[in-house]
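Student: I would like to go through this model with you, one question at a time. Please show the sequence and the structure before we start.

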Amino acid sequence: MTTGSQKTQADLTRDELAALYRIDEFESLAKSRLSEMAYAYFAGGSGRERTLTRNQEAWEAISVWYRVMVDVSSRSMATTLFNEPLRVPLLAAPTALHKMAHPEGECATRRACSTAGIGMVLSSLSTTSVEEVCAAATGPVYLQLYLGRDRGLLKELVLRAQNAGCVGFQLTVDSPIWGLRSREMRTGFRIPEGLEIANLKRPGAEVDRDHSGVGICSALGWTISPSVSWKDLEWLCEQTPLPVLAKGVCRADDALTALRAGARGIVVSNHGGRQLDGAPPTAEVLPRIAEAVAHRVPVIVDGGIRSGVDIFRALALGATAVQVGRPILWGLSVAGEAGVARVIEILAGDLDRTMALSGCPSVSAITRDLLGPGR
Ligand SMILES: Cc1cc2nc3c(=O)[nH]c(=O)nc-3n(C[C@H](O)[C@H](O)[C@H](O)COP(=O)(O)O)c2cc1C
């Protein structure tokens with residue numbers, strides 16, 4: 001099956017995947033295989049895309065002042081998040097519409113995450129239902145939520161996710177309205193025929209909402225609401241015993257307010273440069289938020305992380321774990337589950353190598369002083 005968003009090319013073979021070593025190589029290949037509209041949707045940012053660009057640059061600008069002559073013959077990247085073991089402190093960030101990248105969509109992503117022992121955050125705007133994704137493999141799945149106007153639908157979705165086996169939620173707090181994404185507008189973004197926003201369909205309903213508009217504002221505008229406030233986070237936390245993390249925080253004071261409202265974790269994120277263009281890169285924000293939160297709850301970060309060295313930098317700046325968005329989509333686009341698996345393997349291999357070369361046998365040894373004096 002093709003969805004009109006991929007050109008009809010076979011998935012890369014295992015040998016072809018094994019010859020890829022960097023995430024940017026995946027992006028070029030994905031670009032050549034996706035339709036112009038699908039690539040623009042996945043790759044694009046908002047405004048002049050300054051935050052999108054600066055996210056990556058900010059990680060790359062941080063030097064690692066490696067430590068020598070430490071016995072690193074035995075190393076582990078293992079950690080835990082809300083008592084769930086992760087083999088690598090890594091999660092797939094919530095990104096919408098995986099079937100636009102590959103016909104097997106979110107289930108392929110889930111299987112690859114599960115095999116690699118990392119977490120997956122499923123977007124509420126996924127093309128596969130939370131039940132199907134949870135059933136596709138084992139390992140922790142979080143569900144991302146937006147607070148739209150329909151609280152009944154949201155309540156149902158929270159219950160569905162709990163029953164399906166999700167271990168927590170990420171409430172996206174950076175999207176009262178959508179950022180202006182000109183690449184999407186120019187390529188006439190619309191949800192391809194045959195795909196549906198599976199989680200936002202009431203069971204039994206044929207078509208619950210219209211997703212047929214052009215541009216993200218008309219296709220998905222109803223899923224968010226400009227009236228959301230901290231009270232709504234409080235309300236959500238009251239609906240579930242599972243941890244709710246606030247995703248999209250870029251200020252220490254907001255992080256602390258989120259905790260007071262009931263959040264049990266913070267995701268430092270600017271939505272991969274897709275919302276406020278001009279927002280600071282997450283590498284700049286993370287240390288301030290980590291300091292304010294002071295290990296009381298997990299702090300996760302995403303935005304522009306493209307290598308194991310970047311993951312190392314984030315951990316050294318106080319992150320409990322990191323999320324990657326587009327790299328997963330590039331892997332999915334070129335080879336479905338095997339492509340995502342290779343992307344994770346590259347990131348994990350690079351983190352392991354960085355740990356060895358900087359004298360860190362375990363994640364807890366990755367401390368701030370490894371980023372040099374003055375950091
Ligand atoms: C194509 C695409 C779709 C996304 N969809 C969602 C979404 O549905 N919900 C959400 O909270 N964040 C969404 N995000 C933001 C990601 O969760 C994450 O914050 C961002 O991708 C991280 O940056 P990176 O892509 O540079 O790794 C999306 C990002 C992309 C690129």
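Student: How many nonpolar, polar and charged residues make up the shell around the ligand?

Tutor: This is a predicted model, in which local features need pLDDT of at least 70 and side-chain atom pairs count only at pLDDT 80 or more, while totals for chains, interfaces and linings use all residues. Residues are numbered from 1 along each chain as its sequence is written. Ala, Val, Leu, Ile, Met, Phe, Trp, Tyr, Cys and Pro count as nonpolar, Asp, Glu, Lys and Arg as charged, and the others, Gly among them, as polar. By these classes the shell has eight nonpolar, 11 polar and four charged residues.

Student: Which residues are the closest to the ligand?

Tutor: A residue is near the ligand if its C-beta atom, placed from the backbone, lies within 6 Å of it. The ligand is surrounded by 23 residues, and the closest are Ala-93, Ser-123, Thr-172, Gly-272 and Gly-325.

Student: Which strands form the closed barrel?

Tutor: Strands (E, at least two residues) and helices (H or I, at least four) are DSSP runs numbered from the N terminus, and two strands pair if DSSP finds at least two bridges between them. For instance, β3 (residues 90–92) and β4 (residues 119–122) run parallel and are joined by two bridges, with Leu-91 opposite Gly-119. The pairing is parallel in this barrel of eight strands, whose order is β3-β4-β5-β6-β7-β8-β9-β10.

Student: What angle does the direction of helix α5 make with that of β4?

Tutor: Axes are lines fitted to C-alpha atoms, for helices over the stretch in contact, and angles run from 0 to 180 degrees between N-to-C directions. Contact between two residues requires C-beta atoms, placed from the backbone, within 7 Å. Helix α5 (residues 105–116) packs on the sheet and touches β3, β4 and β5 (141–145), and its direction makes with that of β4 an angle of about 160°.

Student: Is Gly-139 buried or exposed?

Tutor: Gly-139 sits in the loop between α6 (130–135) and β5, where it touches Cys-113, Ser-114, Gly-117 and Gly-119, leaving out residues up to four places away in sequence. A residue is buried if 20 or more other C-beta atoms lie within 10 Å of its own, exposed if 12 or fewer, and partly exposed in between. Because Gly-139 has 20 C-beta neighbours inside 10 Å, it counts as buried.

Student: Which helix gives the most residues to the largest nonpolar core?

Tutor: A nonpolar core is a set of buried Ala, Val, Leu, Ile, Met, Phe, Trp, Tyr and Cys residues joined through C-beta atoms within 7 Å. The largest has 115 residues, of which Ile-266 and Ala-319 touch the most other members. With 16 residues, the helix that gives the most to this core is α14.

Student: Which elements are included in what covers the buried residues of α2?

Tutor: In α2 (residues 23–33) the buried residues are Ile-23, Phe-26, Glu-27, Leu-29, Ala-30 and Arg-33. An α-helix has 3.6 residues a turn, so residues three or four places apart point the same way. The cover over the buried residues of α2 includes α3 and α14.

Student: What separates the C-alpha atoms of Gly-278 and Glu-49?

Tutor: Gly-278 lies in the loop between β8 (265–268) and α12 (282–293), and Glu-49 in the loop between α3 (36–43) and α4 (50–60). Glu-49 has a positive phi of about 65° although it is not a glycine. The two residues are 229 apart along the chain, yet their C-alpha atoms are separated by 8.4 Å.
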